[in-house]
There are 2 protein chains.
Amino acid sequence: MIGAGRSSSSLLTYLLTKSSSEKLHITIADLNLELAKSIVQNHENCSFLVLDIFNETDRKKAIKNADIVVSMLPAHLHLNVAKDCLAFEKNMVTASYISNDMNLLNDEVVKKGLIFMNEIGLDPGIDHMSAMKVIDSIRDKGGKMLLFESFTGGLVAPECDDNLWNYKFTWNPRNVVLAGQGGAAKFLQEGTYKYIPYHKLFRRTEILNIEGYGKFEGYANRDSLKYKSVYGLDNILTLYRGTIRRVGYSRAWNIFVQLGMTDDSYTIEDSEHMSYRDFTNSFLAYNPFDSVELKLRSYLKIDQDDVVWEKLEEIDIFNKTKKVELKNATPAQILEKILKDSWTLKENDKDMIVMQHLFGYELNEKKEQIKSSMVCLGENQTYTAMAKTVGLPVAIATLKILNSEITTPGVQLPINKEVYNPILKELEENGIIFKEEKVPYLGYNPENVNG
Amino acid sequence: MIGAGRSSSSLLTYLLTKSSSEKLHITIADLNLELAKSIVQNHENCSFLVLDIFNETDRKKAIKNADIVVSMLPAHLHLNVAKDCLAFEKNMVTASYISNDMNLLNDEVVKKGLIFMNEIGLDPGIDHMSAMKVIDSIRDKGGKMLLFESFTGGLVAPECDDNLWNYKFTWNPRNVVLAGQGGAAKFLQEGTYKYIPYHKLFRRTEILNIEGYGKFEGYANRDSLKYKSVYGLDNILTLYRGTIRRVGYSRAWNIFVQLGMTDDSYTIEDSEHMSYRDFTNSFLAYNPFDSVELKLRSYLKIDQDDVVWEKLEEIDIFNKTKKVELKNATPAQILEKILKDSWTLKENDKDMIVMQHLFGYELNEKKEQIKSSMVCLGENQTYTAMAKTVGLPVAIATLKILNSEITTPGVQLPINKEVYNPILKELEENGIIFKEEKVPYLGYNPENVNG
């Protein structure tokens, strides 16, 4: 296992628990082994290796000594590991999106009969597997897919959900601040392509219901069409992928977007010495007679009694004394710092992963719909829901490849029955359970008018 | 003269009118000489040269034969011409912004005693000269600059202003559609840096009054601080540069921005076969029961009787039969096409250039303000206001360099008295006149409260 970051706890625990019966030895290789050592403590079937992955000799040696390599490195660092795996004929597992460079290795990987399994974490990962299971079962019955919507979110567990945004940072805060940027969101609704520019993204949410957990909202991912062909949905009418938040989050987040606070493309003058209030004021027109508060209310037309206002006050963006203390910072970097003050998990806080798919289809001339939902709660700040949902599928897949239960070679993602069936089954045994229910068909265009 | 495009009419006519008395011979070099020939007809002091500027031999030969070179090529093509001018020790004039590469030639240009005069069209050009004249006169009296705001716009002449937008394309339509994109607008107000994201740019306009022409509005240019040091305004409190439109234009244009129609970063699926209505609908949520009109009104909260609605109807974005007919087009390309249907100048339409500066300063412990305004009207579609205001300063500078009235060497822009005084004087004789008036000091922060 190369790279032992925040999502390695459940992964390691799963493999070490099975290590005696399965005769496994795990070598954990990273420059910083502190976190891994704190999880594993001492274990007879585990050893640690200080490894600089840019040191070619050491990296090659470590890979040569392994039977299978799990790379939990940041996505852009997988390629050298993959090339070494190819050279020494080792199977490989990652939780990252398949890059173009990785894809180019496919022919050689197949030729050597190797398995490079990717996108087998949470999202991507569990989303692929849980979706393909239902899609394949609909197709196997002769059904025709009409609609697929899929939402995932990393949130705070209900019992620790104690701020007005119903949100805390359970993963990389920078990604949360930059979410949705870099182009219009694109999706399909009843056969029509739809485009939402970034500055409208958080005003075009959809509402979800998850039994036992109440209402959520979802905003569109940038490219909902990415897996259209991969899932075999080329003729589908509605295809939408989104990110889950608690209801009301997006409307409040939109304030930051409208002000320009999420921009990461330029630096603010003298950001270091600004107060949080100065930062807010830099996006408002100059007026010597009005307060920053009044200018903001008036600019974005926020009513006096709008709950969104309390959300802004809660995160302290009008504070005159708190300083930004970041040199040459972009608006996004400053906003991230401000939000970290309020949204960092407390010691006993737990996280929660929520996923929901909607499948609309036609079977025997009847339109039907299936809703499939999964909620996973973190146990503490080591065995988080994120670590479980990312790490467990990686660990399960790794063992199944080692044991030749998964055998199809190639650079791949987990969309085949051979892969997703046994893994989903074992995830269930570990508490990651999808609840499926039939709901009335809610496709968008029953009378085929306008559009 | 290399490059004979739309702004060459007044330039050529000026030089040819003086050609006998000043003993000038003008060689017009371009791949396409049609436009130039239609302007010049036959003139004993003018010859034509078919020149591909990428043909090095021909280009060098042409430059070697000249006494001074006027390059009216697109900005990114000046550099090779400049290098040849340096090699053959020829002076050079352009109306374009000084590129970094051009600036790097400065030492050699100075060493050889050459003059490479740039940014001597309208904007950049007349704006520099007319601003520096007032700024220098304030400083010469011992005044201290507090505020500088500067606005320029290319519009349609009042007599031909017959659409609801009070706007037609008098220059490159693509630049109009993309205006303001590529980063936040940045400026200084009373010592505070202010930032406006693109999606708010057209809602943060300032109002201008120009005597005899009524009200206009200005939206902020991307970088108002660009000439802060060049103009010697390092300690100024307010610095703002903007683009002029007729009042109400920006609020209506904002509808396109909000919808995402000005985005040039991705292509629309099957754009070729879309109607204008389909295009509009692609930015609105799917709903089979509501019309595109109602969806748009509701999405952007446009009242039934809002004049902005008539502006949208006027440009036909709800038309079901007009087709986009552009393959793999970006939203911006499609919007440009739609607007060209409505905003192309008719045969007898004339254009208008409007410029206004505001100068706030402190002199003898009193705060004062000067407003300086210029309006130039086109005569027809050959001698447009744009051609006059871009071409005349280039022509005048060229002759003054030839006649050694401008002598300071270097890669430069027209901010020195030696340059701007005689040129502004001659522009006046050609009807390009700035009217200066003292107005009450309108600086932003008399009581120094809040901010």
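The radius of gyration used in these legends is taken over C-alpha atoms, and the globule rule set beside it is 2.2 Å times the number of residues to the power 0.38. The model shown is a predicted one.

**Figure 1. Overall form of chain A in the predicted model.** For a chain of 451 residues, a compact globule would have a radius of gyration near 22 Å, and the 24 Å found for chain A agrees with this expectation. Along its principal axes, the C-alpha trace of chain A spans about 75 × 60 × 40 Å, and the chain is built with 17 helices and 15 strands. Of the contacts in chain A with a separation of 6 or more, 70% are accounted for by residues 24 or more positions apart.

**Figure 2. Burial, surface and charge in chain A.** Of its 451 residues, 58% count as buried, while the chain exposes about 19300 Å², with carbon and sulfur atoms supplying 46% of that area. Chain A carries 53 positive and 61 negative charges, and the mean positions of these two sets are 2 Å apart.

**Figure 3. Helix α1 of chain A, residues 8-17.** This helix is mostly covered, since 8 of its 10 residues are buried, which here means under 20% relative accessible area. The buried set begins with the serines A:Ser8, A:Ser9 and A:Ser10 and continues with A:Leu11, A:Leu12, A:Tyr14, A:Leu15 and A:Leu16.

**Figure 4. The interface between chain A and chain B.** The size of an interface is often given as the accessible area lost when the parts come together. Chain B and chain A bury about 3600 Å² between them, and 53% of this area lies on carbon and sulfur atoms. On the chain B side, B:Tyr195, B:Glu269 and B:Tyr286 lose the most area to chain A, together giving 22% of what that side buries. Counted by residues, 40 of chain B are in contact with 40 of chain A.

**Figure 5. Cis peptide bonds before A:Pro124 and B:Pro124.** In chain A, the bond that joins A:Asp123 and A:Pro124 is cis, with omega about 20°, and A:Pro124 has its place in the loop between β5 (115-117) and α8 (126-140). In chain B, the peptide bond from B:Asp123 to B:Pro124 is likewise cis, with omega near 20°; B:Pro124 is found in the loop between β5 (115-117) and α7 (126-140) of that chain.

**Figure 6. B:Ala75 and its loop in chain B.** B:Ala75 is found between β3 (68-71) and α4 (78-87), and its relative accessible area of 48% makes it partly exposed, because the exposed class requires a value over 50%. B:Ala75 and B:Tyr97 are 22 residues apart in sequence, yet their C-alpha atoms are 7.3 Å apart in space.

**Figure 7. Positive phi angles at B:Asn364 and B:Ser404.** B:Asn364, although not a glycine, has a positive phi of about 50°; this residue lies in the loop between β12 (351-363) and β13 (366-377) of chain B, and at 71% relative accessibility it counts as exposed. B:Ser404, again a residue other than glycine, has a positive phi near 55° and lies in the loop between α15 (385-402) and β14 (410-412) of chain B. At 52% relative accessibility, B:Ser404 also counts as exposed, because the cut-off for that class is over 50%.

Technical notes: Residues are numbered from 1 along each chain as its sequence is written. Chains are lettered from A and ligands numbered from 1 in the order in which they are written. This is a predicted model: local features need pLDDT of at least 70, side-chain atom pairs count only at pLDDT 80 or more; totals for chains, interfaces and linings use all residues. Side-chain values use heavy atoms; hydrogens and water are left out. Helices (H or I, at least four residues) and strands (E, at least two) are DSSP runs, numbered from the N terminus. Buried means under 20% relative accessible area, exposed over 50%, partly exposed in between (1.4 Å probe, protein chains only). Contact means heavy atoms within 4.5 Å. Accessible areas come from the Shrake-Rupley method with a 1.4 Å probe; for residues, only the protein chains shown count as cover. Lys and Arg count as positive and Asp and Glu as negative; His and the chain ends are not counted. The place of a charge is taken as NZ of Lys, CZ of Arg, CG of Asp or CD of Glu. Buried area is the accessible area (1.4 Å probe) that two parts lose on being put together, summed over both.
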